[in-house]
Structure formats: C-alpha cells, structure tokens
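Me: I have a model open and want to talk it through. Can you take my questions one by one?

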Protein chains: 2
Amino acid sequence: MSAIPLVPRKRGRPLKGESASLRDDLILTSAKLFRTQGYERTTVRDIAAAVGIQAGSWFYHFKTKQDILVAVMEQGMANSLARIEALDVDNLPAREAFHALVRTHLKTMVSPDHDFIPVLLYEWGSLDEDRKVTVLKLKERYETVWDGVIARLHESGEWIAPTQIDRLMTFGALNWAVQWYRPNGPLNLDELTDNAVQFLLRSEAAPASVTVSAPVAKRSRKTKTG
Amino acid sequence: MSAIPLVPRKRGRPLKGESASLRDDLILTSAKLFRTQGYERTTVRDIAAAVGIQAGSWFYHFKTKQDILVAVMEQGMANSLARIEALDVDNLPAREAFHALVRTHLKTMVSPDHDFIPVLLYEWGSLDEDRKVTVLKLKERYETVWDGVIARLHESGEWIAPTQIDRLMTFGALNWAVQWYRPNGPLNLDELTDNAVQFLLRSEAAPASVTVSAPVAKRSRKTKTG
DNA sequence: CCTACCGATCGGTAGG
DNA sequence: CCTACCGATCGGTAGG
C-alpha cells in the first residue's frame, strides 16, 4: 500500500543453501510454472507473486515474457548438454555409453525441479520463431552425441541398421516419460533406465530389478493414450 | 449491421462435397487452429472468423471454449478407436495385427486434416479436470486393443518380456512423429510405418523401401530434440 | 446467427 | 524494485 520499498523481498519459497540471484530465481520459478500450467496460462503476475515481487517489478529483469521463456529453454538445453558431455561417452563401451545417455536424459527430464526440458519439449510452439535459433544450435550438439553412440552400437552389432528415424523414435520413447512417469511412483530412475534401454536395444539380458513386469497388465494407471 | 438474419452464412472455407453442419465445421476448424496455434493462443474470435460467423454467434453453438476443446478430443478419440476396432485385429496374425495398428495410429496422427489426436496429445493440460473423464474412457479402450496384440506378440516370441512400460514407450515413439514427420517429406505413410515397426520389433527383416537409411546422418532436418 | 457491449485480465510502460 | 496506470484483448452475455 504505502511506499516502504526498503524492505528486502521476502519470497514464499526460499532457496536452499546459497540463495541464487533473483534473476535465477525468476527463471527457475518460471520453468516450474510453465511446466505445470503452460506458458500461455502463466501470467507475469503469477511469476512475480511466486517470487515475492510486484508485477511491475518483473519487467525490470526481463523485457518481455518471451525473454524468460527463451531463458528457460536455453538454460535447460545448455545444462543437459553439459551433463551429457561430462559423461565422456567416447571412453565407454558403446552399450554402457548408451545406458549413460539414457539415464542422464531421463534424469534431466523426469526429476522434480527439472522443469526446463519439459518446457522446451512442450512449449516449443510458444516460442517466437526468431528466438528458436540459439536453442536449436544447442539441440544439434546434443543430438550429435547420441548419433555417435548409436553409430558405435551399430558397429558392434547391437543396433541393426539404424536409420535417421531411429533416433527420432528413441527420443520419442524417452520424452514421453514426462507424461506418465511419477518420481515417487513404483519405478525409480535406475529401473526406468534399465527398462528403457532394454526396450530400445531389445537385448537378451532382462533389466535387473523390475518388479512391475508381468505380461502386460490390462490397464496401468491413467495416462494419456500411452 | 441491420437485422437480416436470413442470409445463409457464407464461409471463407467451403467444405468439399457434402457441406457438414456448422457445428461440425466449427469442431474441425477448431481442431486445426488448436493444433497449429495451441488452445490458449486460439481465440473464439479466430474460430468464428475462420468459419465465417460473428464472434458472438459462436456462443450459440458452444457455451464455453472448453466445450469445443472436449468436443475435438472426444471426436478424435472416438474416431481413432473406431478405426482401430474396424481392423478386426483378432483375426490377423500377431505381427500383421501390430503392423496394422501402427499404421492406423500413425495415420490418424500424421495426416493433414487429422488434427484431433495431436490436439488431444498436446493440449491435454488445457482441458479442465472434470472434462477429462469421458476422453479417458475412450483411451482405455484404445489401449486395450494394443495390449491384446502385444500380448500375442509375446506369445509368438516376437516381443520378449513386454512390461507395462513397453507400451508407454511404444506410444511415445509413435506419438513423437507429430513433431517431426511432414506428410510431403521424403517418407510416405507406409515407409514410416515400416520403419516404426522395425524399430519397435527389431526384426531381422529390414523395412521394404527405405531410402533414407544410411548409418545415422550427422544431422537431419531441424526438429525438437529428436 | 447478429449487434453491442461489459468486466476482467494481461502484457507492458512511466516515473520514481 | 515499487506505484499507478493504460491500451488491447478476450471470454462471455443480453436481447433480438
């Protein structure tokens, strides 16, 4: 109401440990809101409120709503890329390399607090055309890593005749997990990974600790056409 | 301006052959707009204009914007279900049955003028919770058909140890095609189907007419992390 | 199915 | 980072 602007912002959601910059906080919060509500349904006021500032103040940090959407996507993609490049996949046997890629990919997608990539995947259409370029470059580097490992799997005979379409299908299978996987459900990340790898590679070796198996239940929990 | 309501509506986009009811036209047009622009970015005015009526008149046919969204999803799911049940999958050998399912699934998703399922898949979050129920019931019937065929593939030894997760991954791989497949691109529907089936079943038999192969190109055309 | 219109919301700005 | 506020848009309604 009255003007007492010197009070430091009190956010509803304090960051654990080092409190990041407000800017980082805004990006993180936006990612979460964009994921759960969608970009269009999330208002600048929502973000501001969630972070504990006034709506008008928001525009001090970002010029437009699109700016924070790119920020989310870029940061998400940059982090994923960094994580996957850190695997140093070239020094692993093809199959282990693939397993590591799948695990990392699923992890960045599916963990709570990792809202960036889901936003990237499902709000891509909300991003203005000219802003897509930067993100696309990062994506290409990301895909290159996968292509390399798949090529090696092909050489070792573990992936018969991979086509361009195979990688697309692979990503599809994995990305879909966003729709149905629940972090606190019956499957943990490692089990999910084992299942995915087995599905994608159709190896003889059955995944280690899968209790969920059974020859296809009549129905699983409610999910989207999946 | 003045009240001359007897003039039949002149739409910008005439339907070919039998002109369907305005209501059907509205649903069809909404589906297309929802797919290309997203639900939230599509205004009631957009739909009205595309169909050649006034914004206010729109509400004569549908009470709320949500009403037309469910209509799109229900009709899409009902049609898909009908198509897939028409395959009479029980009277086909497991593998052929699976092939038919995949083809039909891809077709309803990927053909131009089949915007319903993409809307269902990618605007699910925009649908009010209480409206989801009807659509979910249709989905379950749809999934049951798949489960049956997968179970038979398991029996015939063509699908090793299918888990609940396998069907989810399968749908993921197929549904992702919405993101990258272009009807007028290098792959036609049959080639796409062959590729998908081979990917999903990892058979010895290579798909018939795949020119796109080659041991994983360094990059395909620009797509989303896929 | 049209006209006229409203109430609310929303992205964004000015000025401090 | 706040206050105050605007211009536009949007879903929806009234009344015919």
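Reply: Sure. One definition to start: helices are DSSP runs of H or I with at least four residues, numbered from the N terminus. By that count, L26(A) sits in helix α1 of chain A. Keep in mind that this is a predicted model.

Me: Is L26(A) buried or exposed?

Reply: Buried. Its relative accessibility is 0%, so L26(A) counts as buried.

Me: What does L26(A) touch, leaving out residues up to four places away in sequence?

Reply: L26(A) touches I47(A), V51(A), I53(A), W58(A), H61(A), F62(A) and I68(A). There is also a C-alpha to C-alpha distance of 9.9 Å between L26(A) and G52(A), which are 26 residues apart in sequence.

Me: I47(A) and V51(A) belong to which set of buried residues?

Reply: The buried residues of helix α2 of chain A, residues 44–51. The set is V44(A), I47(A), A48(A) and V51(A).

Me: Why do they line one face of the helix?

Reply: Seen down the axis of α2(A), the buried residues fall within an arc of 95°, so they line one face. R45(A) and A49(A) are exposed on the other side of α2(A).

Me: What do the buried residues of α2(A) pack against?

Reply: Three helices of chain A: α1 (22–37), α3 and α4 (65–85).

Me: And what follows α2(A)?

Reply: G52(A) does, with a positive phi near 90°.

Me: Which residues of chain A does UniProt list as "DNA-binding region"?

Reply: Residues 43–62 of chain A, in an unreviewed entry. Over that stretch the chain is 75% helix and 0% strand. The end C-alpha atoms are 13 Å apart.

Me: On to the DNA. How many residues surround strand D?

Reply: 17 residues surround DNA strand D. The closest are L22(A), S57(A), Y60(A), H61(A) and R45(B). H61(A) is also one of the residues that L26(A) touches.

Me: Which atoms pair up in the polar contacts?

Reply: Three pairs to look at. For S57(A), a side-chain N or O atom is 2.4 Å from a phosphate oxygen of DNA strand D. For R45(B), a side-chain N or O atom is 2.8 Å from a base nitrogen of DNA strand D. For K65(B), a backbone N or O atom is 2.9 Å from a phosphate oxygen of DNA strand D.

Me: Which elements give two or more residues to that surface?

Reply: α3 (55–61) of chain A, plus α2 (44–51) and α3 (55–61) of chain B. α3(A) gives the most, with four residues.

Me: How do the residues of that surface divide?

Reply: Near DNA strand D there are six nonpolar, nine polar and two charged residues. On the DNA side, 55% of the strand D atoms within 4 Å of the protein belong to sugar or phosphate, and the rest to bases.

Me: New topic. Where does M169(B) lie?

Reply: In helix α8 of chain B, residues 164–175. M169(B) has 0% relative accessibility and therefore counts as buried.

Me: What is M169(B) in contact with, leaving aside neighbours within four places in sequence?

Reply: Residues of chain A: A173(A), W180(A), L192(A), A196(A) and F199(A). Within chain B, M169(B) and L200(B) are 9.3 Å apart, C-alpha to C-alpha, and 31 residues apart in sequence.

Me: Last one. How many helices and strands in chain A?

Reply: 10 helices and zero strands. Of the 226 residues of chain A, 51% count as buried. Among contacts in chain A with a separation of 6 or more, 69% come from residues 24 or more positions apart.

Technical notes:
Residues numbered from 1 in each chain as written. Chains lettered and ligands numbered in written order. Predicted model: local features only at pLDDT ≥ 70, side-chain atom pairs only at ≥ 80, totals over all residues. Heavy atoms only, no water. Near = heavy atom within 4 Å. Polar contact = N/O pair within 3.5 Å; in protein donor to acceptor, adjacent residues only side chain to side chain. Nonpolar A, V, L, I, M, F, W, Y, C, P; charged D, E, K, R; others polar. Buried < 20%, exposed > 50% of the residue type's maximum accessible area, 1.4 Å probe, protein only. Arc of directions from axis to C-beta. Contact = heavy atoms within 4.5 Å. UniProt positions renumbered as here; feature names shortened; annotations may be inferred.
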